[in-house]
Each structure stands twice: as structure tokens, then as C-alpha cells.
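The following exercises concern covalent cross-links and aromatic contacts in a protein. Please examine the sequence and the coordinates before reading the solutions.

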Amino acid sequence: MVATDTSEWVRIDCGSEFSYPDESGVLWQADEDFIKTGENQIVSQNSRTLLEQFNTLRAFTEQNKNCYSLPTTTYSRYFIRAVFFYGNYDGLSTPPTFDLEFDGNKWATVVTETSKIAYYEMIYTAKGDITSICLARTRNKQFPFISLLESWPVPDKMYAQMANNRAWFSGYRYNYGAAPDNWILGYPGDTHNRVWEPMTPPGSAAITATFSSLDATTVNDPPVLAIIQAVQAPNLTDKLELSFSFSKTNRLDHVELYFTEPLYTTATRSFNINVNNEFGYAISPEYQKCDGVWINVMSVGTLNIELVPINNSTQPSVISAIEVYTASDPFVTVYTSKDDLDGLAVLINNFKQLEGWSGEPCLPNDTVWQWLNCSGDNPPRVTSIYLSGYGLDGPLPDFSQMVALETIDLRNNSLNGPIPDFLGKLPNLRLLDLRDNDFTGGVPQSITDNKQIKYMIGNEDNQSKGNRLALIIGLAVGLPIFLAFIVALVYFLVRKQKISTQGQVTAMELGSYQGGTATGQPQEGIVSSTMSTEALIRPSLAIEHTSSMSNDDSFATDPGISQIHHLPLGNEDPGAMSSLEETSMGASAESIYHRPPIMHMIDEEELNDLLRRHGQN
């Protein structure tokens, strides 16, 4: 076996006070090199697990958005995994819900629970030397946290049929036929650090191969343990049915299927792979060899895969493992204006109170930095700065490049020195509030001569009674018209959504892996394999967003298309959490199989037993 190069892996044990190598020799790092905000916390005593990484977390109670900066190489692909275990760390028994974002794009709405470990995975092509992974507060007094954050490179040959202009969210990764407690929990069980969930679908029978090693495998290099366990149809003439549910209706799915002939026999085992009721591929697995088939398919609703025996087959259909990914919506292509980013950098570099702010300030548009307002322009522009009461001290630096600013509110700080002349020259500025500071000198003429600016400095207020009256009249007339427009817009979006989800799309492309490379052309009845993913991906839900948030605000959030994966856990003392049986869904494969969205689980004793068997006592 070739040794795994882990030199470019980033594994953050969030909340840990120090960095350390684990038993496999891979370094787990503390948060400080990747984020400047948040507080380290420890889960409650009753929630402790044998795996130390799950016992600490990083919680974020101050800012509405907090971003980790992961080092990446531009245009290289990475696995990224975020793990969340609430563990009642705050003693409130109120697991929060919040958003997970990457480089200004929505990843998922994270829904945490007290006694479950949730994780999200994706394959992503880096856009620069830093990839930003952000946790955004979207509900009042529900504060984001994170337990683990990992990224590691994807070798060039792996998952080559995934387009680089999308992120690919992991929905399902099943090790078929494995016992319920035989999870493969990343490295070193999988040299590529993937998590494989044991699964035996209803209507199938587990079968174990008569070999323990492979002579050949696919470019995706699934772990041998995931291949030697398999499931087959109970009878020769039965088809094996596999169904996968998602919260998003219209999707582009990427599927990787893995097969082997588990028995040393002269009998014939051949079957067709049908996807969403369309014939896709015919396969005859070989003994001690892992064969792979990849599929890109546009799905509406449930993804359905059938393994149907061919007439001359004398053995039932069989499958060892599967991975199902879903393409993200189109990426944000235009980010916050560079002039505004430069101006914000000036403020952040000059005031220590702002040094924790990082990532994309204006996107997604429902999690804008809490002290900003942004426009919906292309690119987005910062239109307002609200830094009242932030404790800023020292002179006000020059951020004159932020020419889209309409409002600057810096009252109730300790700013000193002269009032900068550039403020009166900002072409779109309408409101300037510098009260309750320690400025010296007079008000610059550029401000006093600018009739479009309402300024408040000390006791000076240049707003006339006529302006106030005009404002009141404008609100009285304009507000009803605005509300009527919003009602009409919501009606249009809902109607458009209903129309867009009608009909069944069966466009598909696929191929197989032979000799370490991907081969094959679309089979009869299959749409061209060169179809554009741009044409296939459409957002399935229109959401009305708000552009800024205070401590008391909350948002309606899109649950996204990422599946929620759960690793149940427990404590060393089975009786330490008396309500565990009431809050846990249990480890039944059948109950997991039928539950959308999928929540993958191991109960606490299974997890601890698994860790003991691997020597992690």
C-alpha cells in the first residue's frame, strides 16, 4: 500500500487549546491560526465521548458571521468537512440552528441536536489561496459553533466527472452489507479520509466476499473493507432497488457505484443499472476486482437506482458501496467591490475591535456583516456603516474609496483627532453621525457646504424642519406602495416555483472505470454526455432575504440541498444520559433508510465500542 501524503491536510480540532498529532500521526491543529473570533468550550460531562475531538468546540456569540480561513491552492480540488456536536456545552439544552457558508455561497442550514454529531461534506475547487468557511447566525439567540473542520486535497484522477464550476455536496456514502456498528470513520480506515456508513437496504441480503484483498480497484480508491462487504437481491429474478431522498427538488446528482464479484465461482452474475427508470449500463463484476460506474443525472424528486438481472445471469444483482453527491447552485461570480474590500480592510487594520471580521462581507445577502448594509448591485457595494458603540478609539483612517456609502454612523465611540475632509466628498453620502466622540477642530468645509449630507457632530444638526416634514410625508405615501409591491413579488415567485417543478427530467451521462481510468459512452437512450451543467442546475426555492441583522433579528432560511449526516454518540457510562433513548432515532438501518433528509447515526455504545476495537481507549 502506498503511504498517504497528509502534508497538505488541514484538520482543526475546534475548541482545543493546543495542536497535537493523533494516533495515526496526522496533526490536529488549534483554531488560532485560522480564525480570530469565538471562544473555546467543552461539552457537558454527560456528553463526553471516547473520541477527544468531539469533546471540544468553538462557539461564536458576538458576531453574526465568523469565518475560518483555510489555506488552499487556486484551482485545486478539496474535500471539506465540517462537524458539529452541541453536547449541551452551555447547559441550556437548546441546540442552535444556523447557516454554513463557503466563499460567499450558501452551503447548508445546520440543524444541531443535543445527542447527535452532524457533519457536512463537499468537494470544492478552490478559487484562490484562501477558502473561507463561515458560520452565520440566522436566528435570535441561537449562536453558531463548530467541533471539527477539515480540508484535504482530492487527487486529480478521482471524481474527474464532477464539473469544477460547482461544489458537490455529499448526500450519501454507504458501505453496503456492513454490520450496523462497522462505520469507516475516515483516515486511516479510508486513505482519503472519507466516512462510510453501514447500510443494508430493505429487501436485500448481506454477503461477504471470500477474499480479503483486491487485485485491482477504481481511481476513486474505496477502502477494501467497503468492497468485501456487499448486498445482493434475495432471489435471482429480483431487482435490487436503491432510493435516495433530497430536500431540493430539481438537482444534478453525481453517483459513484462500486461492484465486485464476492464469490469464487464459475456462475454468471450480470445485471443492468437503471437510473430514474432509464437504462444506463450493463455490468458483470469480476472476482477480487473493484469495478466502478459513474453517473451524472438530472433528478426531480427522489433519485431511484435499480439493479436488474439479465436473462443469462445465474446469480442475483449485487453492490458493494455507493456515493451520491448533489451539485450546488451556481456560484457567486461577482463579489463585493474591491474598493469596498480595501476600505473595510483599512478599518479592520486600524481598530482592534474589528480585527475578527473576515470572509465575504456582503454575500450571501441574508448574512451581511452586522455593521454593514450592502446594495444588490453587480458587484455588491457597501452602502452603510453602523459602528455606533463599538469602542473604536484613535483617529479615523481614510476609507475614501468606499464611494457608494450613503450612511456612516460612528457615534458613541472614542474617536479623536480632526474630522477627515474626505467624508464631505463621498458622492453618495446622505447621513453622517459622529456624535459622542473626541474629535478636535472644526467641521471641514467639504461637509458644511455639501447640502445633500445630514450631519450630526456634537450638538450640530443641519437637518431642517422642512426635511423632517418631507421625510414623514414620503413614508406615508411610499410605504403602502412598497408593501403592495412586496406582496405581488412574493405571489409571482411562488407561482413561478410551482410551474418550474412540473415534469420529469431524465437527462443522464455515465461511464465506467477500467484499468484505473474512466471509460464508456452514454448507452442507448441516454442524452449526450457533453451537456452543460449550467443548463441543468436551477434554484428550486425563492427566499426573501434581509440584508442586515441585529441581535434581536431572525431570518427565514433555506434548508439548502446538503444532506444532514449524523454520527450518534454517547458517554462511557451508558446511564449517564437518561434521555438518550428518547432523543435518539436509534441505529436501525431500516429507520435510517426511510427518513428524509437522511440522518446517519451510531448510538453511543456502538461508537465507543468501535473506538475501543480500533485501540482508541
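The exercises below treat disulfides first and aromatic rings second; the model is predicted.

**Exercise 1.** Determine how C67 and C134 are linked, and give the handedness of the link.

*Solution.*
Step 1. The sulfur atoms of C67 and C134 are 2.0 Å apart. The cut-off for a disulfide is 2.5 Å, and the two cysteines form such a bond.
Step 2. The torsion about the S-S bond is 105°, and the link of C67 and C134 is right-handed.
Step 3. C67 belongs to strand β6 (residues 65–71) and C134 to strand β11 (residues 130–136), so the disulfide joins parts 67 residues apart in sequence.
Step 4. Buried means under 20% relative accessible area. C67 has 2% and is therefore buried; C134, with 3%, is buried as well.

**Exercise 2.** Carry out the analysis for C362 and C374, and state the pairing pattern of the bonded cysteines in the chain.

*Solution.*
Step 1. C362 and C374 form a disulfide with their sulfur atoms 2.0 Å apart.
Step 2. The torsion about this S-S bond is about -65°, so the disulfide is left-handed.
Step 3. C362 is located in the loop between α2 (338–350) and β27 (372–374), while C374 is in strand β27; the pair therefore ties together parts 12 residues apart in sequence.
Step 4. C362 is buried at 2% relative accessibility, and C374 is buried at 13%.
Step 5. The structure holds two disulfides. With the bonded cysteines numbered in sequence order, the pairing is 1-2, 3-4.

**Exercise 3.** Classify the ring pair W107 and F169 and the ring pair F399 and F422 as stacked or edge-to-face.

*Solution.*
Step 1. A search of the whole structure finds 33 aromatic pairs. For W107 and F169, the ring centres are 6.3 Å apart and the planes meet at 10°, so this pair is stacked.
Step 2. W107 lies in strand β9 (residues 105–111) and F169 in strand β14 (residues 168–176), 62 residues apart. Both W107 and F169 are buried.
Step 3. For F399 and F422, the centres are 5.0 Å apart and the planes are at 80°, so the pair is edge-to-face.
Step 4. F399 lies in the loop between β29 (393–395) and β30 (407–409), and F422 in the loop between β31 (414–418) and β32 (431–433), so the pair connects parts 23 residues apart in sequence.
Step 5. F399 is buried at 1% relative accessible area, and F422 is buried at 12%.

**Exercise 4.** Identify the residue that lies over the face of W196.

*Solution.*
R173 occupies this position, 5.8 Å from the ring centre of W196.

How values were computed: Residues are numbered from 1 along each chain as its sequence is written. This is a predicted model: local features need pLDDT of at least 70, side-chain atom pairs count only at pLDDT 80 or more; totals for chains, interfaces and linings use all residues. Side-chain values use heavy atoms; hydrogens and water are left out. Helices (H or I, at least four residues) and strands (E, at least two) are DSSP runs, numbered from the N terminus. Buried means under 20% relative accessible area, exposed over 50%, partly exposed in between (1.4 Å probe, protein chains only). Rings of Phe, Tyr and Trp (its six-membered ring) pair if their centres lie within 6.5 Å; planes under 30 degrees apart count as stacked, over 60 as edge-to-face and the rest as tilted. A charge sits over a ring if NZ of Lys or CZ of Arg is within 6 Å of the ring centre and within 35 degrees of the ring normal.
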